Amino acid sequence: MRQINKHIGRGAVALLLCLILITGSFLLPARAADNGFSISVGSIENDGIVRVRVFADEARRFGGFVLKLHYTDALLRFQSAQGYEHDGIVAAGLEKSGVVSIAFATASDTGYTGGEAACEIVFKIVDGAVGTAELSLLVEDAVDTANAPLSGLGADPVTLEVTQLSLTLTSPPLRKFYFCGEQLDLSGLAVTATYPGGAQAVLTDYAIRGFQSDVPGQAIVTVHSGKNQTEFSVLIIRKGDVDENELVNTKDRDAILRQAVDRAPLSEEQQFRMDLNGDGVVDGFDVLYENGYILENAESGRAG
């Protein structure tokens with residue numbers, strides 16, 4: 001029995017020590033990452049060019065380093081690399097698709113610090129590409145001015161959102177006029193997206209906002225894709241309001257009667273307002289429809 005108690009006592013002490021270690025680990029302050037390098041990505045230029053610069057930590061002096069810049073080659077195409085002299089030579093170039101190699105060496109005692117960019121790598125957006133490009137640095141080798149190796153260095157990865165530069169309404173929808181309560185008809189709508197690099201494509205994936213047909217008046221409808229948008233307008237009309245005064249009464253019916261007899265030329269909007277049954281002709285049938293709308297609006301208080 002004494003042997004069993006002894007084992008239990010040792011187990012309890014071990015468990016207590018584990019709990020103390022675990023608790024203490026949460027109480028220790030988090031140690032900041034010693035990156036040593038950083039990446040700066042410029043905005044997408046009009047011709048689809050993106051400039052990426054590599055910097056070193058200002059708190060360090062490098063006698064030399066070898067880096068690998070990894071990038072999303074499905075969205076970016078390597079164009080060129082330029083090294084900047086800082087009492088030494090920076091060489092940068094494409095190693096393989098998706099990887100740019102950067103090397104720096106100096107014989108100077110001062111070495112290189114990060115006040116200025118070590119090099120600039122130029123990419124071009126792939127024509128028609130859309131998505132998130134990621135760029136990250138892998139430090140293969142780095143030494144200080146005393147030729148001592150530096151370890152644990154890296155760089156926080158950065159991302160670049162590649163979206164359309166603009167949207168253009170190539171063709172508006174065929175319908176320009178709607179009666180109150182009708183649904184939006186996008187037949188005939190064509191939208192063109194322009195991408196970095198100048199490539200263009202007809203857009204099929206977009207969102208529509210702003211259409212409401214419950215109140216008469218002009219409605220501005222926007223077409224959204226990513227951070228870009230374009231717009232078109234439609235006119236919402238109260239059915240039976242022929243003379244455009246937002247009332248439906250006998251004056252509207254008289255206008256339809258005159259048109260049925262005179263057959264005067266009508267604008268596209270006038271034709272839409274008077275052709276209440278949508279058969280393409282303004283005649284006595286539309287007068288009958290108008291009588292019904294006059295009665296409906298009288299009951300709702302919108303006749304005058």
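This short report walks through a helix pair, a small sheet and two loop residues in a predicted model.

**Two helices side by side**

Let's start with the helices. Two packed helices are described by the angle between their axes and the distance between the axes. Here, helix α2 (residues 250-262) and helix α4 (residues 284-300) have axes that come within 9 Å and cross at roughly 175°. Angles over 145 degrees count as roughly antiparallel, so α2 is roughly antiparallel to α4. If you look at where they touch, you will find T250, D252, R253, I256 and L257 on the α2 side, meeting D286, V287, E290, N291 and I294 of α4. Sorted by class, this contact has 4 nonpolar, 2 polar and 4 charged residues.

**A sheet of 3 strands**

Next comes the sheet. Strands of a sheet pair through backbone hydrogen bonds, either parallel or antiparallel. This open sheet has the order β10-β12-β13, with antiparallel pairing. At its edges lie β10 (166-171) and β13 (200-203), each of which pairs on one side only. On average, neighbouring strands are turned by 35° against each other, direction ignored. Between β10 and β12 (residues 190-194) there are 5 bridges; in one of them, L169 has V191 of β12 as its partner.

**Two loop residues with positive phi**

Most residues other than glycine have a negative phi. The table shows two residues with a positive value.

| Residue | Phi | Place |
|---|---|---|
| E244 | near 65° | loop between β16 (228-237) and α2 |
| E246 | about 65° | loop between β16 and α2 |

Is E244 buried or exposed? Its relative accessibility is 49%, so E244 counts as partly exposed.

Notes:
Residues are numbered from 1 along each chain as its sequence is written. This is a predicted model: local features need pLDDT of at least 70, side-chain atom pairs count only at pLDDT 80 or more; totals for chains, interfaces and linings use all residues. Side-chain values use heavy atoms; hydrogens and water are left out. Axes are lines fitted to C-alpha atoms, for helices over the stretch in contact, and angles run from 0 to 180 degrees between N-to-C directions. Helices (H or I, at least four residues) and strands (E, at least two) are DSSP runs, numbered from the N terminus. Angles under 35 degrees count as roughly parallel, over 145 as roughly antiparallel, 65 to 115 as roughly perpendicular and the rest as oblique. Contact means heavy atoms within 4.5 Å. Ala, Val, Leu, Ile, Met, Phe, Trp, Tyr, Cys and Pro count as nonpolar, Asp, Glu, Lys and Arg as charged, and the others, Gly among them, as polar. Two strands pair if DSSP finds at least two bridges between them. Buried means under 20% relative accessible area, exposed over 50%, partly exposed in between (1.4 Å probe, protein chains only).
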